[in-house]
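Here are a few short exercises to work through with the model open beside you. Try each task before reading its solution.

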Amino acid sequence: MTGRVHIIGAGLAGLSAAIDLLKAGRDVALYESAGHAGGRCRSFHDAALGRRIDNGNHLLLSGNRAARAYLGDIGSGDSLTVPEKAEFPFIDLSTGERWTVALGAGFLFRALLTGNMPVPGSRRLDCLQAFRLAFAGESATVAKTLGPDNVLFRRFWEPLAVAVLNTEADQAAASLLRRVIRETIGQGEAACRPLIANKGLSESFVDPALGILGERGVDVRFNSRLRALQTGGNRVSALDFGPGIDGGAVGLEAEDNVILAVPPNAAAGLVPGLEVPNESRAIVNGHFLLDGEVGGGGGGDRQGQGEEMTFLGLLGGTAEWLFVRGDIASVTVSAANELVEEESGVIAGRLWADVAAALDLGDVALPPHRIVKEKRATFAGTPAQVRRRAGTRTPWANLFLAGDWTDTGLPATIEGAVLSGRKASEIILKSSS
């Protein structure tokens, strides 16, 4: 079989599938409902700041093999900062304490043997509790497994889990975190190093892929929302985009395939009887323009000048992670369903207070800023929602699903999105070999 593969959705799942298929010499068409590619992983110019910013902050780890392979395929493998050590700095904004957690396969064993605890105030018993994650059942939550009444949980596991799963620790599925830990910390220090885009998400993940698609003559159609799938027997026979594209429908040849790489609610509206996660969690990001002179503060903790990026975990405030690139400070709040309902001005004031404290800026007025709200950023990573994740195959022989919400075994991350696209493309390639 050598037919065309029609990919619906130009987020990272769709782009990943397209690049894999092109590598194998397959004919690809790509459709995107928005006027741009990248989905939740992209960059744009913000007029209020006068800077190009990312729509959200994304932190990869060196053990994210699917994402790194994708970056290698599109020629942007060197576009991420790769530190020499797997170190995660934190500050407790309520006390001013600072510490750094050095990760690796044996970091808990070393703490148990030496008594040199990963975070201030933690105990050997806290480290022992962490090993319960390996035996947690499918219904277990992160908090019940790793906490909640120990310092290591509150000062490391909880902020890490909430960031990765975008779900409150007392509701988040321990099984999702276990898979992440197995592929990063479980593989040693070299798999735990934090990776951050040097310039922006689009420059690393999106623009190079679109460049390859353009060079290969791929038909990329933006502002093209799929209205319906027309089926016949056990196959999709046409794609209905409504007025404007090929008279409203794109007919499929006998050997054509379709990869549906759209959000879960959109997929459920297109595929009859499809069960998908139906609860979501919000993410709020704040971007602040730092004054050139003020930006030198932070007691040496702010190292990001020019295009270099640094990051810092925040406890005791509203924001959870701080990223600084040049004169832009960005903060992220995950599982932010309550915060996202606040007025943007109120949110900006709360987040700026955290930035100023973390960077030791003193009493500085709120600078130019941009608040980005994503009310349905990811599916809720609860045990009940994990059970609702769909597989790659569907009852239609030529229709396949992709997206970070599908059953990759991972939470809704860049790694999960890329992996889902690869899974769909691999099934198509194997069926035609």
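**Exercise 1.** How much of the accessible surface of the protein chain belongs to carbon and sulfur atoms?

*Solution.* Start with the ground rules. This is a predicted model, where local features need pLDDT of at least 70, side-chain atom pairs count only at pLDDT 80 or more, and totals for chains, interfaces and linings use all residues. Residues are numbered from 1 along each chain as its sequence is written, and side-chain values use heavy atoms, leaving out hydrogens and water. Next, take the accessible surface (Shrake-Rupley method, 1.4 Å probe): for the protein chain it comes to about 17800 Å². Carbon and sulfur atoms hold 49% of that surface.

**Exercise 2.** Find which residues have the most contacts inside the largest nonpolar core.

*Solution.* First, fix the term: a nonpolar core joins buried Ala, Val, Leu, Ile, Met, Phe, Trp, Tyr and Cys residues through side-chain atoms within 4.5 Å, with buried meaning under 20% relative accessible area (1.4 Å probe, protein chains only). The largest such core has 88 residues, and Tyr70, Phe156, Trp157 and Phe205 have the most contacts inside it. Helix α6 (residues 151-165; a DSSP run of H or I, at least four residues) gives the largest share of this core, 9 residues. Apart from it lies another core of 27 residues, including Leu312 and Val333.

**Exercise 3.** List partners that Trp157 touches beyond four places in sequence.

*Solution.* Using contact as heavy atoms within 4.5 Å, you get Phe107, Leu108, Ala130, Leu146, Leu152, Ile181 and Ile185.

**Exercise 4.** State what percentage of the protein chain counts as buried.

*Solution.* Of its 433 residues, 57% are buried.

Notes: Buried means under 20% relative accessible area, exposed over 50%, partly exposed in between (1.4 Å probe, protein chains only). Helices (H or I, at least four residues) and strands (E, at least two) are DSSP runs, numbered from the N terminus.
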